[in-house]
Every structure is written in C-alpha cells, then in structure tokens.
Amino acid sequence: MADKKIVRLILGDQLNINHSWFSKVDARVTYVMMEVRTETDYATHHVQKVLGFFASMQAFSGQLKEKGHQVLYFKLNDKNNLQSFQKNIIALVEKNTFKKFEYQLPDEYRVDQSLKELCKQLNIESSAIDSEHFLSTRDELGNLFEGKKQFLMETFYRHMRKKHNVLMDGSKPLNGQWNFDAENRKKLPANHKPTPPLLFNNDVTEIYNELRKTNVNTLGTIDSENFIWPITREQALKLLHYFTTEMLPFFGTFQDAMLPNEWSLYHSRLSFSLNIKLISPLEVINAAIRTWEENQSKIEYNQLEGFVRQIIGWREYMRGVYWKKMPEYARLNYLNNTANLPTWYWTGKTKMNCLKNSIQQSLDYAYAHHIQRLMVTGNFALLAGVHPDELDKWYLGIYIDALEWVEITNTRGMSQYADGGIVGTKPYVSSATYIDKMSSYCTGCFYNKAKKTGDKACPFNSLYWNFYDRNETLLSKNPRIGMMYNVWRRMEPKAKAELLEQAQFYLNHINEL
Ligand code: FAD
Ligand code: DLZ
Ligand code: SF4
C-alpha cells in the first residue's frame, strides 16, 4: 500500500544510525522516541546513566531530523507523555492514521514481552526487525550448546572467531593459539600514573533540571556541566580511536590491575557506547585490529587478542546465555543466599579500602572495570552470602552500561554462581591474597591483609573459608575446587573454629565494616 503510514519505535539503547531503517527517508514513516517513567523507575539508576540515555536519545533524534526523517520525541515532562512505551504507542495509534507499528528487537526480556503484548492490543498490523547490532543471533549460542549443561565461553569464542574470520590464519588461530591470557594480568606499580582518560564536556544541565522536577529517584553524583561520557556517535568514535592508539598497548597486561584513586586505567570504557549502539562490535574490533596491524612493533598480539575476546567472546556469549535462559535465569539462586546487601554498597562508607575505592568511583563515575566488579564488589557479596536479587538491583542501577541482558548474566552467572555453573566453572571468590596481588588497595587499608583472625584481620580472609565451609555440600564435588576442600579439611580444628568465629563476627556486624 503506497500511502500506508507507519509508526516505528526507537528504544533508548537502539541509537544505531547505520540501521537499515535509516538508509533512506520515507515520508510514510514516523519515528517515535520516548523518555518514560517505566524505564527510569524499574531500577534506581545512577543519575549519570539516566542523563546519558536521555542526552544520547535527544542527540540521536536531532540527527535523524537533520537527515530529513520525521521524529516524535516525548520528553519526560511533556504533558501528553503517558510514561510507558505501550501507553504512548496506543495513544498515538488512536489519534493518528497509522496502519502499521514496527520496532527493533529489544535486548531485554521485560521489554520484549511488553512489546509483544502491545502488538496483540493494537488493532493495526505490527512487526519486529533485528537491531542489526550483534554478531550472533539471539538463539545462536543456544543452538551451539543444545543439550549441554554448561556453556563454555571458550567454545563459543572459537566458533565466533571462525565464523567471522577474525584473527584467523586459514582454519587455525593467528599466532598458533586461541587465547593469550597467560601473558596478561600484571600488577601496576603503586606510584604508576596511568594515561589520562579521554573525557567529554557535554552540558546536560537542562536535562538534569528536568529530571529533578519529576522526582525520579537516582543514585550517585554528577557534574552536569561536564558530563564525561560520549553521547553521540562522533564522540564514541573519538573514544574508540583514543583507546586503540593510547590504551590498547597496555590493555591485556594491566586488564586486572587496580589502583586506589585511579578510576580509569587501560580499559576502553566503550561499554555504554556499545550497549546503546552508537558504535558496533564489528567496527570496534576492526579498529583495534587495524591499529595493531599498523603498529605491531608497539602493540603485542596478546593485548589485541584479549580485547577482541571481550567483544566477540564475552559480550556476545552473555547475550546468548540471556536469551537461552530467560526468564528462569532471573530467579536462580543456586547457593541459596539470603543476606541483605551491606548498606555501605550505596554510600562507599566502609573501612575496607578495596571496597571503598571501587564503590566510591562507581558513585562518582558510574563505572568500575571488570575486576573491580567481579573480584571486589562481587567477591565480597558472594562471601557474605548476599541474595542475588539484592545484588542485581545494585549492579543494574549503578553502572552506566547496565542493561539486564549483560548485567544479570555477569552478576548471577559469572560473579555469584547463582546459575550453578552455566557461565562459570567455579565461583569467583578470593581472600586478600588475590586483591593484594592485583592492586595496591591493601597498603593503606584499615584492615591487615596478612591477618585471618583477631584485631583488624582482613574480612575477606575469614569469610573466604566460611564460604567454602557453608557451601560444602554444593561445591566440594566440583573438580576445580576440590583442592580447596582438601586444604580446609586438613586444617587444625582450632584454626577452623577461629576462622568461622571471626567470619560470623564480621557477618553479624556487616554494616559496620
Ligand atoms: P573493557 O575492559 O574495555 O572491555 C571491552 C568491552 O568488552 C566492554 O566495553 C564490553 O562491551 C565487553 N565486555 C568485557 N567483559 C565483558 C563481560 N564479562 N560481559 C559482557 N561484555 C563484556 N557489562 C556491561 O556492559 N553491562 C553491565 O551491566 C555489566 N555488569 C557487570 C556486572 C558484573 C558483576 C560483572 C563482573 C561484570 C559486568 N559487566 C557488564 C562486564 C564488564 O565488567 C563491563 O563490560 C566492562 O567493565 C565495561 O568496561 P569497559 O568498556 O572499559 O570494558
Ligand atoms: C535505561 C533507560 C532509561 C533509564 N530510560 C529510558 C527511556 O526513558 N526511554 C527509553 O526508550 N529507554 C530508556 N532506557 C533504556 C531501556 O531501558 C532499554 O531500551 C530497554 O530496556 C531495552 O533494552
Ligand atoms: Fe581489601 Fe582486605 Fe586488602 Fe583491606 S586488606 S584492601 S579489606 S583485601
């Protein structure tokens, strides 16, 4: 039908200007974007996250208009905004002569369900199209591991490398190995001054003021005149260029390193730009590969391979697990954890230097790197037996890049072992030894990293053994951790009792640590 009017919904994390939708201007099509309370309120988000989404959405809508597309944009305070995707679309269809509703496949199960429901309610035709962002389909991982209990990331990663011919030498991996992690993960010297991060000076004061008027509940802090995160494709590409030229040479080597008072080291900080689709995973890895090819004397191969693995390995893998396992995944609690999240997760006010730093920078910048999330905040919560629901709320709110498909799989799966070993082969827990190996947090901490019990003993040390002790039935048969149980069983009964007593004391006073 030549004059069929179409309304197309663009979600806040679908800001992909290279999507086929936008390849030509179509007078029949009206795009609609909306700032809505259902999205601002399903978690308590970091204020920088909400501003980042709104500022990027507004910039994207402007870009579409400049290209000649028709766009309807609902601001949060617009009088006619009914504050949900469903309600706004229903009202638009009722008031206009649209004959068809179209949307791109959302990344979150919750929104996927509600848009399917919406299509049933509308009395016009509707259809969904791929977001054209990811390198694998929603069900690709599920098909690859059909019938398997555990989904090995390494198997998926090799599948992706072969399928997309990335870092391959014919049918073999380039340089003879798939994975060069053994060469990575060095500690930074305590006085090391990292390359400064590339920050942007976006002024989001207007959006901030609007947000305050509506009483949207947020966490964290903001300098609204100097919003540092990229909000346009142009800025995201600048950040990508800065990463490949300045940070990539050190990426793998210092991937797990942590320094007090340094919130940004040699990571890309591209997760927000990637997750809202300002840039694509393919262009990110191609930029890194190109830079490596042109600078092989300066960038070792292990730095590049480690980075490519994060993008076409971990990122795509987590998405595959999500679509294979939702909605049950959101209810998994394999270790039956029940504790509340310590109150200082929301304030950073703890004497434990590793947690204080990791949480404080999260409140200040809505960012922490992977090892801070996994081996500091995640590790402690798992040792303390925090309920995964409590933790999901925290991770889903505090990080600028947090969207359920990638947050929940990392939190319940990789970090909390709540899926019983679908994502990870064993729980990621450690005592102070690991944190001290990878960081300089322990120097200058109120607690003593070397002490297991007694005054100022590092809480990680006793909680570590308490974790193994209380989960013995569920974990001791795991071949990857059997060794820890041998050590635990061989320990003197008195030493064991003291460790458990110390751990119980800390658990009883968890909010005062
Ligand atoms: P870099 O270290 O520079 O890595 C490059 C890119 O690889 C990232 O931008 C990201 O897109 C991808 N990547 C790396 N590791 C992972 C991973 N484990 N899973 C998926 N993608 C990965 N990532 C999110 O994007 N959103 C989240 O909500 C999120 N929640 C997490 C919660 C926990 C408990 C943990 C342990 C990890 C979480 N991650 C999440 C994964 C990872 O920590 C972040 O992607 C990364 O820290 C983002 O910083 P970066 O862009 O500097 O990453
Ligand atoms: C995260 C977020 C927030 C805070 N606000 C909005 C919004 O007001 N409008 C919108 O379209 N998207 C928002 N988002 C991103 C959505 O939560 C995301 O698009 C869906 O969860 C699908 O992944
Ligand atoms: Fe963290 Fe313990 Fe080290 Fe303090 S001593 S920084 S609490 S690991």
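**Exercise 1. Ser 224**

Task: In this predicted model, decide whether Ser 224 is buried or exposed, and find which residues it contacts beyond its sequence neighbours.

Solution:
1. Take the relative accessible area of Ser 224: 13%.
2. The cut-off for buried is under 20%. Ser 224 is therefore buried.
3. Locate the residue. Ser 224 lies in the loop between helix H7 (205-213) and helix H8 (233-251).
4. Drop the neighbours within four places in sequence. The contacts of Ser 224 are then Asn 202, Asp 203, Val 204, Thr 205 and Tyr 208.

**Exercise 2. Pro 249**

Task: State which helix holds Pro 249, and decide whether Pro 249 is buried or exposed.

Solution:
1. Pro 249 belongs to helix H8.
2. Its relative accessible area is 15%. Under 20% counts as buried, so Pro 249 is buried.
3. Now list contacts, again without neighbours within four places. Pro 249 meets Thr 244, Lys 298, Ile 299, Glu 300 and Gln 303.
4. Add a distance. Gln 296 is 47 residues from Pro 249 along the chain, and their C-alpha atoms are separated by 9.8 Å.

**Exercise 3. Helix H3**

Task: Identify the buried residues of helix H3 (residues 85-95) and the elements they pack against.

Solution:
1. Buried in H3 are Phe 85, Asn 88, Ile 89, Ala 91, Leu 92 and Val 93.
2. Check the spacing. An α-helix has 3.6 residues a turn, so residues three or four places apart point the same way.
3. Find the partners. Among the strands, the buried residues of H3 pack against S1 (6-9), S2 (29-34), S3 (70-74) and S4 (100-104).
4. The helices they pack against are H1 (37-41) and H4 (109-121).

**Exercise 4. The nonpolar cores**

Task: Find how many residues the largest nonpolar core has, and which have the most contacts inside it.

Solution:
1. The largest core has 149 residues. Leu 355 and Phe 380 have the most contacts inside it.
2. Helix H11 (residues 301-325) gives the largest share of this core, 11 residues.
3. Set a second core apart from it: 20 residues, including Phe 74, Phe 85, Tyr 103 and Cys 119.
4. Return to Phe 380. Beyond four places in sequence, Phe 380 touches, among others, Trp 344, Met 352, Leu 355, Phe 460 and Leu 513.

**Exercise 5. Ligand 3**

Task: Place ligand 3 and classify the residues of its shell.

Solution:
1. Ligand 3 occupies the second largest cavity.
2. The residues around it include Met 352, Asn 353, Lys 449 and Phe 460.
3. By class, the shell has 10 nonpolar residues, one polar and one charged.
4. Helix H12 (353-365) and helix H16 (432-438) each supply at least two shell residues.

Conventions:
Residues numbered from 1 in each chain as written. Chains lettered and ligands numbered in written order. Predicted model: local features only at pLDDT ≥ 70, side-chain atom pairs only at ≥ 80, totals over all residues. Heavy atoms only, no water. Near = heavy atom within 4 Å. 1 Å grid on protein atoms, 1.4 Å probe; cavity = no way out; pocket = protein on both sides within 12 Å on 5 of 7 lines; lining within 4 Å. Sits in = over half its atoms within 2 Å of the grid points. Helix = DSSP H or I, 4+ residues; strand = E, 2+ residues; numbered from the N terminus. Nonpolar A, V, L, I, M, F, W, Y, C, P; charged D, E, K, R; others polar. Buried < 20%, exposed > 50% of the residue type's maximum accessible area, 1.4 Å probe, protein only. Contact = heavy atoms within 4.5 Å. Core = buried A, V, L, I, M, F, W, Y, C linked by side-chain atoms within 4.5 Å.
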